[in-house]
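Hello,

Here is the structure I said I would pass on. My notes follow below it.

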Amino acid sequence: MTNLAQLLAIMPYPQIDPIAFSIGPVAVHWYGIAYVVGILLGWVYARRLIETPRLWAGAAPMSRTQLDDFLVWAAVGIILGGRIGYILFYDFPNVAADPLRALQVWNGGMSFHGGLAGTTLAMILFARRNAIPVWSLFDIVAAVVPIGLFFGRIANFVNGELWGRLSDAPWAVIFPEAGPFARHPSQLYEAGLEGVVLLVVLALAIYRFAALKRPGLVTGLFVAGYALSRITVEFFREPDPQLGYLLGGWLTMGMLLSLPMLALGLWAIFRARPATPVSA
């Protein structure tokens, strides 16, 4: 059993103002900056991918201009899908009681699973409109998503939200809104697994094993890798208070939503086939 004195002796949460700066009455939050930085760095990396001919079986599936145009579609899909997903999966009763809460992105935040659904819809519509192979577009986006995930989880830590379960680990943190007990900094675990580790794995698959020449492979690796990372971290993360555990004192909504992702990711990996070379 965890020693109470140990839990009270762990280092305090480093106080960081969630508001980065203010311009008059407008407050700019680190959470919003994280989304912008993640999208922009992802765009830069995606440009590098489509401008490296050796990574593709023939010509790249889209032009730089098309990628630039897609940036707006992706941003809309991420923001709308992420917010709507959070409301539907985690906060619907509260939003139904107070509809204005839906606009308060700092109150509960975004759902990755919702953002994924929104971005997927945006990708399908954009690919059809521009005659782009949809699986290749999926692969490009999947390769860069871990960048956004990293910055998003760091922003969660800055906000002192989505904290972990009680812990006596030396790196445990006392979050100001989570009572006097030390907890796992599960946001940082997610930043490491979903962000850094997944980005490196996908980059190795792309640059060392020519994964982009098999449309759908990078997508499958990302989706399955994210699902495994999220399920793992859920064992250290405190479940959302309005939901709690769904079953047996261990099953959470994050795990439940990640299981279909794992199945879909594995399916995408096994269905991936070498692309037919396309001339420029």
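What is the mean pLDDT of the chain, and what share of its residues reach 70 or more? This is a predicted model; the mean is 87, and 92% of the residues reach 70 or more. Among the elements of the chain, confidence is lowest in helix α1 (residues 4-9), with a mean pLDDT of 54, and highest in α6, with 97.

Helix α6 covers residues 186-207, 22 in number. From first C-alpha to last, α6 reaches 30 Å, close to the 32 Å expected at 1.5 Å a residue. A kink of about 30 degrees is centred on leucine 198, which is also one of the buried residues of α6. Others in that buried set include Gln187, Glu190, Glu194, Leu202 and Ile206. The buried residues of α6 pack against α2 (30-50), α5 (134-159) and α7.

Helix α5 has 26 residues and reaches 36 Å between its first and last C-alpha, close to an expected 38 Å. At valine 144 α5 bends by about 35 degrees, and proline 146 follows within four residues. Just after α5, glycine 160 has a positive phi of about 65 degrees.

The last item is threonine 252, in the loop between α7 (217-234) and α8 (253-271). Is threonine 252 buried or exposed? Its relative accessibility is 2%, so threonine 252 counts as buried, the cut-off being under 20%. Leaving aside neighbours within four places in sequence, threonine 252 is in contact with Arg165, Glu234, Pro239, Tyr245 and Leu246.

Regards

Terms used. Residues are numbered from 1 along each chain as its sequence is written. This is a predicted model: local features need pLDDT of at least 70, side-chain atom pairs count only at pLDDT 80 or more; totals for chains, interfaces and linings use all residues. Side-chain values use heavy atoms; hydrogens and water are left out. Helices (H or I, at least four residues) and strands (E, at least two) are DSSP runs, numbered from the N terminus. Buried means under 20% relative accessible area, exposed over 50%, partly exposed in between (1.4 Å probe, protein chains only). Contact means heavy atoms within 4.5 Å. The expected span of a helix is 1.5 Å times one less than its number of residues. The bend at a residue is the angle between axes fitted to the seven residues ending there and the seven starting there. pLDDT is the predictor's confidence in each residue, from 0 to 100.
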